[in-house]
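User: I'm new to this structure and would like a close look at one part of it. Could you walk me through the place where the ligands sit?

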Amino acid sequence: MPEQSDQLQIPRHVAIVMDGNGRWARQRGRPRTFGHKVGSSKVHDIVEESKELGIEVLTLFAFSSENWKRPKSEVTFLMDLMIQMLKKEIRKLEEKGVQVRFIGQRELLPEKLLKVIRDSEARTRNNNALILQIAASYGGQWDITQAARSLAGKVARGELLPEQIDEQTFAAELAFSDLPDADLFIRTGGELRISNFMLWQAAYAEFYFTDVLWPDFTVDEYHNALRHFSKRQRRFGQTGEQVSG
Ligand code: IPE
Ligand code: IPE
Ligand code: MG
């Protein structure tokens, strides 16, 4: 751990868009899937470091709602990779007190992956050293839409009045409504966009974009992001004087 780490402000919830696997592989004359494979091997250290630092929630964007549009062979590879990764890591995660959760449109995921997801969630549900959320078949627009549908159902059944819908009741229907919103939003791979990740829950996140491609993302790079986060003044609409005073 670098010496500066004792001065780090530790975010409660870190969200990471792990982007750049395909380009990393192409730069080496290898197929995109090779980039995914190497990229997946970087997850372990980031999870471990998050736990060591006392971060409460780490959400990793593994597969977006839009990624279903990729070639079928790549989609299949990514689904199989998630299965392999979970099978390989689950025992260690379980022992280290990590709680694993999946967020996203589950009904689109293949049954063999769902089986491993259900097993991982059941085995780690009482753990509390770190909550590791894997966003798979996830999109912020999907999340907001399913929340709206759920509220509409409650109104239709007479359980809720439209005027009772406010930010709190809406947020309660979203994925991971029991967890804090994202504090730090990291995107690797150089693109300056959200790509439909956490549209609601990143409302007041601090953004950190780096050109580093995900397979090159190290614990040192992670510390860079955390150092940047530590220097930000989070005002949440207030003035700087109000916040520091
Ligand atoms: C991110 O890397 C992984 C997924 C989206 C599943 P990409 O596959 O998007 O890599 P680039 O952006 O093409 O380099
Ligand atoms: C975002 O990356 C999704 C994940 C990292 C899982 P993409 O590579 O899919 O994003 P776009 O298509 O470049 O916006
Ligand atoms: Mg990409």
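Analyst: Happy to help; here is a walk around the two ligands, one after the other. Please keep in mind that this is a predicted model.

Let's begin with ligand 1. The space it takes is the largest pocket. Helix H1 (21-26) and helix H2 (32-40) are the elements that each give two or more residues to its shell, and H1 provides the largest share, three residues. By type, the shell around ligand 1 holds three nonpolar, five polar and four charged residues. Among the polar contacts, a backbone atom of Gly-22 lies 2.9 Å from an oxygen atom of ligand 1, and a backbone atom of Arg-23 lies 2.7 Å from an oxygen atom of the ligand. The side chain of Arg-32 also takes part, with an N or O atom 2.7 Å from a ligand oxygen. Of the 380 Å² of accessible area that ligand 1 has on its own, the protein covers 87%.

Now for ligand 2. The space taken by ligand 2 is likewise described as the largest pocket. Strand S2 (residues 57-64) gives the most to this shell, with three residues. Here the shell divides into five nonpolar, two polar and four charged residues. Polar side-chain atoms reach oxygen atoms of ligand 2 from Ser-195 at 2.6 Å, from Arg-193 at 2.8 Å and from Asp-19 at 3.1 Å. The protein covers 79% of the 390 Å² of accessible area that ligand 2 has on its own.

Finally, some residues belong to both surroundings: Met-18, Asp-19, Ala-62, Asn-67 and Arg-70 are found around ligand 1 and around ligand 2.

Conventions:
Residues are numbered from 1 along each chain as its sequence is written. Chains are lettered from A and ligands numbered from 1 in the order in which they are written. This is a predicted model: local features need pLDDT of at least 70, side-chain atom pairs count only at pLDDT 80 or more; totals for chains, interfaces and linings use all residues. Side-chain values use heavy atoms; hydrogens and water are left out. A residue is near a molecule or strand if one of its heavy atoms lies within 4 Å of it. A polar contact is a pair of N or O atoms within 3.5 Å; within protein, one must be able to donate a hydrogen and the other to accept it, and residues adjacent in sequence count only if both atoms are side-chain atoms. Accessible areas come from the Shrake-Rupley method with a 1.4 Å probe; for residues, only the protein chains shown count as cover. On a 1 Å grid over the protein atoms alone, a cavity is a set of points where a 1.4 Å probe fits but cannot get out, and a pocket is an open set with protein on both sides within 12 Å along at least five of seven lines; lining residues have an atom within 4 Å of a point. A molecule sits in a cavity or pocket if more than half of its atoms lie within 2 Å of its grid points. Helices (H or I, at least four residues) and strands (E, at least two) are DSSP runs, numbered from the N terminus. Ala, Val, Leu, Ile, Met, Phe, Trp, Tyr, Cys and Pro count as nonpolar, Asp, Glu, Lys and Arg as charged, and the others, Gly among them, as polar.
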